[in-house]
Amino acid sequence: MKKKLVVLTGAGMSQESGIRTFRDMGGLWEEYDISEVATPEAWERNPELVMQFYNDRRKQLYECSPNAGHLGLAELEQDFDVQIITQNVDDLHERAGSSKVLHLHGELKKVRSTRYPDLIYELDGWELKFGDLCEKGHQLRPHIVWFGEEVPAMEQAVPMVEQADIFVVVGTSLNVYPAAGLMHYTHKDTPVFVVDPERPPVSMKKVQFIEEKAGLGVRLLHERLQNFRNF
Ligand code: APR
């Protein structure tokens, strides 16, 4: 049986694909005010601005490709039962070939009904417009978890982390909860690796750091995992 490898990823995972992170120097939250583009209140006040913000991100996503880090995580499926839990709203893990991807913060290429949250659609192209409606006639919104909203996928994420034989974190500043707390659900004997050029604030003693960008970092991770393979 293959060992269960659970990987939590954040914006740094996609940085080498040309997608901007949020809190690094030059990050998105330097240019935009979170409260104006990424909250339910912002959507109430100025839906056009919110739509434009996500339309821009979506348009850009079509020009990006998975990087060596995404591809390296997909390759690990040869030796491990890999579950990706991502905070990213891009689809680069899927495009790299990862077969099990849980999105904690939604998906950029999807939209959903403002009235019926279970009515979720794959958006055709990059542009969501005011007046685009669900089948029951209500405005569609980005399928994104905004600040102040519930993170329903945590219900699935927690048992995944509890059952992990190995836990890996790639490219997240671990600033945003509840995702940032997931590491604490690992079993006490589960090894934890963190791949990030800047050490995020983690106090757990067992954490092993790989202080590199995702591309090179995941390659080094492959080497560190040699001894954990199970046949
Ligand atoms: N490879 C790996 N890590 C990188 C790279 C890279 N090439 N470049 C930057 N990083 C690291 C940074 O050092 C930082 O620790 O990625 C992390 C990015 O942190 P944030 O910008 O805070 O992104 P993230 O942690 O994913 O943000 C969480 O916040 O705004 C919300 O909903 C949004 O999902 C997002 C959440």
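This tour moves through the two domains of a predicted model and the interface between them.

**The two domains.** Begin by colouring the protein chain by domain. Select 1–17, 66–105 and 151–231 for domain 1, then 20–63 and 107–144 for domain 2. The C-alpha centres of domain 1 and domain 2 are 26 Å apart. Where they touch, domain 1 contributes 14 residues to the contact and domain 2 contributes 9 residues.

**The buried surface.** Next, display the surface at the interface. About 890 Å² is buried between domain 1 and domain 2, and carbon and sulfur atoms account for 62% of that area. Which three residues of domain 1 should be selected here, as those that supply more of its buried area than any other three? They are Ala-11, Val-89 and Arg-95, which together provide 41% of the area that domain 1 buries against domain 2.

**The salt bridge.** Now show the side chains of Asp-91 and Lys-109, which form a salt bridge with an N to O distance of 2.8 Å. Across the interface of domain 1 and domain 2, 1 salt bridge is found. The interface also holds 2 residue pairs in polar contact, with both residues of each pair at pLDDT 80 or more.

**The helices on the domain 1 side.** Select helix H1 (12–15) and then helix H7 (92–96); each provides at least two residues of the side of domain 1 that touches domain 2. H7 gives the largest share of that side, with 3 residues. To finish, colour this side of domain 1 by residue class: 4 of its residues are nonpolar, 6 are polar and 4 are charged.

Key: Residues numbered from 1 in each chain as written. Predicted model: local features only at pLDDT ≥ 70, side-chain atom pairs only at ≥ 80, totals over all residues. Heavy atoms only, no water. Domains from an automatic or database assignment. Contact = heavy atoms within 4.5 Å. Buried area = accessible area lost by both parts, 1.4 Å probe. Salt bridge = Lys/Arg side-chain N within 4 Å of Asp/Glu carboxyl O. Polar contact = N/O pair within 3.5 Å; in protein donor to acceptor, adjacent residues only side chain to side chain. Helix = DSSP H or I, 4+ residues; strand = E, 2+ residues; numbered from the N terminus. Nonpolar A, V, L, I, M, F, W, Y, C, P; charged D, E, K, R; others polar.
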